[in-house]
Every structure is written in structure tokens, then in C-alpha cells.
Amino acid sequence: MIDGARIVRENSEGAYTRRQFRRTLGGLTIIAGGNLLPPLEGKEVKVQLPRRVLYYGVDEPLPEQVPLRAGPLSLVYEAGDLRYLRLGDREILRRLYVAIRDRNWGTVTSRLSNFKKEIGPDSFRISYDLENQKGDIDFFWKAVITGEKNGTITFAMIGETRATFLRNRIGFCVLHPLRECAGRPCVVEHADGKAERGTFPRYISPNQPFLDMRSIVHEVVPGLTAEVRFEGDIFEMEDQRNWTDASYKMYCTPLRLPFPVELKAGTKISQTITLNLKGPVPGTNERAAEEVITLWIRDTKPVALPQIGVGMATQAQALSLGAVQRLRALNLAHLRVDLKLADPSFEA
């Protein structure tokens, strides 16, 4: 029978369970990370996934987006985060949010309440409460986000642990966009007050481009710069393209420090991120200019493709024979499966 997007078999035909742990697909060993593996040869299974799964990867309602303005800047509030901070068609920041990571780097989901908003034509104030609870983790915090007519945006959080637990990270993450920043100059102020002139990496950087950050400044348009200032912790940058995300991520608590860290009940944590514009603001074009993308093939000697693999789908289901044939034709080198062994519901 079919239950939503998940196939359930009452007998062994057509699908393998987790206990039947391995199967070979065109020389590629499959390890079952979901509940089912591809159907047996000769058994065609057709599945229609929910539209939201096809479009967004999860079968959940999309969060409400609230458009905002802070003087010349436009942005969007979405489920506790700020997204797409722009000056006209120039994106300044991709996203600004708070992340709570457990001892295994798992993201602790949040429950938002007491949401309040005051939205004007060129300014705003938003506040809300958030609870992050998972296992022994219990963290409560309040957020206040403001946008001013001069383009200054401030995002402040103050929280307190309501239990003793281990964490890898609690605090802000700031994403700079790839298109506007790759290869562009910037100035980083370090925790000791010294300034460093550098550039956002043009090519993927395997290491952190900047460490011990207190602020970062880059040019938005000629004569106008944007400064992002961090308070409450030390930040550093990583190149998110290492994980297929098109952004540069500033995160708190340097990775050189030991983790996880035990937080005692009653520990208070507060951080603030401030975006400031410096210089005259030019007139803006609200419509993004259409880009022309040109592809060409160079007359050079062909090279072998690197080994390519895929990850196990989050929506566990049997594969149709057509899907199996397409996967076989890709000649994949590996399949990544995340086994959540710490999850009490994991079936051994």
C-alpha cells in the first residue's frame, strides 16, 4: 500500500527493509539509510510525491514572508530570520539568523511565540520569543530586530539556559551572497582591533578565509560600503560552497576552541549583529537586471570527471525501474547515508 509518499509492503516483494541492509546497483553498493531500498528486478513501483516535496524537499507549509524596508534597503522577515537584504538589485546579505547546535552539530528546532511587529514605510521593529528544546537541551531567548530610515539594521538576542547541557554553538550566523562578493575586496576588524585588508575568495576556499572577526566591511556600489559588526562572541568565516551553498558564512565561537562545551542552567547568552551603511546612497533600481549567461567549450584536451556520489533522499521510498536505470547510467562512485544512531527511534 502507499501511505503518502512512503511505500509500505506487506510482503517481501518489491522493496527491501532496513534489515536487508545491502544491495548492488550496477556495481555500486547501496546502504539503506531510509526505510526502503530499490524494488526487486521486474517490479515497477510508481510513486507521486507531494508537490511541496518535489519543489522544496519537505512536506511542510511554507513560512510566511513579511516584506520590510529600512530606508533604502529592502529585506524579508521569515520565521525568525532576515533574508535578502538588498539595496535596489544589489544583495548585501543573504541571510541573518540564530543557530542552536547540539554536541553532534545537529540543529535544534525552535518554537516561536509572542510575535510582535511594527512596520512603517521605511522602518520596522519586530520582537518574539523562542524556545529550543531537544533531549537535555532547553534554551529560551528573546529577539528584537529593528530597521531605521538611514539603513541601519540591528538584530539582538538575549537568552538563558533552563537546563545544563552540552552545545557546539549558540549564536548568530550571517551569510554574504556569492554574486556580489566573490573576488571583491573587504576589510576585516579582528578581535584585537587590528584591521586586515583582504578579498572574499573567488574560488572555493577549503579553509576559513578570515578568523577572529569583530566586523567586516565591503563595497556595495562605488562610494557606499556596508559594515557588519558582531557583538557578544568572536566570529569567523567559512566558504559555504564546500557544502554546495552559494554564500560566505560568518558564525560565532571559533572552531579552534574545544567543543562541545557544557552550559550550566542559568547561563545567559547575548549577541547583537548590526548592519551599517557608510557613504552617500545612490538612486536604486528595484528591478534586478537580466543577466546574460554565456557558455563555451574550450579547445583543450578532455580530462576525466572526478568521482561523483549522491546522498540518500530524505523522503524514503522505493525507486522505480526507470530511476534505477538512470542512476546506473550515472556510474556513481558512492552513496552517502546519514545513520542517526543517537535517535531513540532508530531501528537497529
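The protein has three helices and 24 strands. The model is a predicted one. Of its 348 residues, 39% count as buried. The accessible surface of the protein comes to about 20,700 Å², and 51% of this area belongs to carbon and sulfur atoms. Among contacts in the protein with a separation of 6 or more, 60% are accounted for by residues 24 or more positions apart.

**Strand β8 and its partners**

Strand β8 spans residues 90–101 and is mostly covered, with nine of its twelve residues buried. Strand β7 (residues 81–87) pairs with β8 in the antiparallel sense over five bridges. These two strands, β7 and β8, form a hairpin with two residues between them. In the turn, G88 has a positive phi of about 60°. Strand β8 is also joined to β14, by seven bridges, and these strands run antiparallel. The pairings of β8 are set out below, each with a pair of residues that stand opposite one another.

| Partner of β8 | Sense | Bridges | Opposite residues |
|---|---|---|---|
| β7 | antiparallel | five bridges | L87 and R90 |
| β14 | antiparallel | seven bridges | R95 and L175 |

**R169 in strand β14**

Strand β14 comprises residues 169–177, and R169 has its place there. Is R169 buried or exposed? R169 counts as buried because its relative accessibility is 5%, and the cut-off for a buried residue is under 20%.

Leaving aside residues up to four places away in sequence, R169 touches A99, I100, R101, W105, K249, Y251, C252 and L255. Among these residues, A99, I100 and R101 fall within the range of β8, residues 90–101. One of the contacted residues, C252, offers its backbone oxygen to the side chain of R169 at 3.2 Å. R169 and F259 are 90 residues apart in sequence, while their C-alpha atoms are 8.6 Å apart in space.

**A nonpolar patch on the surface**

Which residues form a nonpolar patch on the surface? The patch consists of L54, Y55, Y56, V58 and L62, which together have about 550 Å² of accessible area. V58, one of these residues, lies in the loop between α1 (51–56) and β5 (65–70). V58 counts as partly exposed because its relative accessibility is 39%, and partly exposed residues fall between the limits of 20% and 50%. The two residues described here therefore belong to separate classes: R169 is buried at 5% relative accessibility, whereas V58 is partly exposed at 39%.

Definitions and conventions:
Residues are numbered from 1 along each chain as its sequence is written. This is a predicted model: local features need pLDDT of at least 70, side-chain atom pairs count only at pLDDT 80 or more; totals for chains, interfaces and linings use all residues. Side-chain values use heavy atoms; hydrogens and water are left out. Patches are made of residues with over 30% relative accessible area and no salt bridge: like charges are joined within 9 Å, nonpolar side chains (Val, Leu, Ile, Met, Phe, Trp, Tyr) within 5 Å. Accessible areas come from the Shrake-Rupley method with a 1.4 Å probe; for residues, only the protein chains shown count as cover. A salt bridge is a side-chain nitrogen of Lys or Arg within 4 Å of a carboxyl oxygen of Asp or Glu. Helices (H or I, at least four residues) and strands (E, at least two) are DSSP runs, numbered from the N terminus. Buried means under 20% relative accessible area, exposed over 50%, partly exposed in between (1.4 Å probe, protein chains only). Contact means heavy atoms within 4.5 Å. A polar contact is a pair of N or O atoms within 3.5 Å; within protein, one must be able to donate a hydrogen and the other to accept it, and residues adjacent in sequence count only if both atoms are side-chain atoms. Two strands pair if DSSP finds at least two bridges between them.
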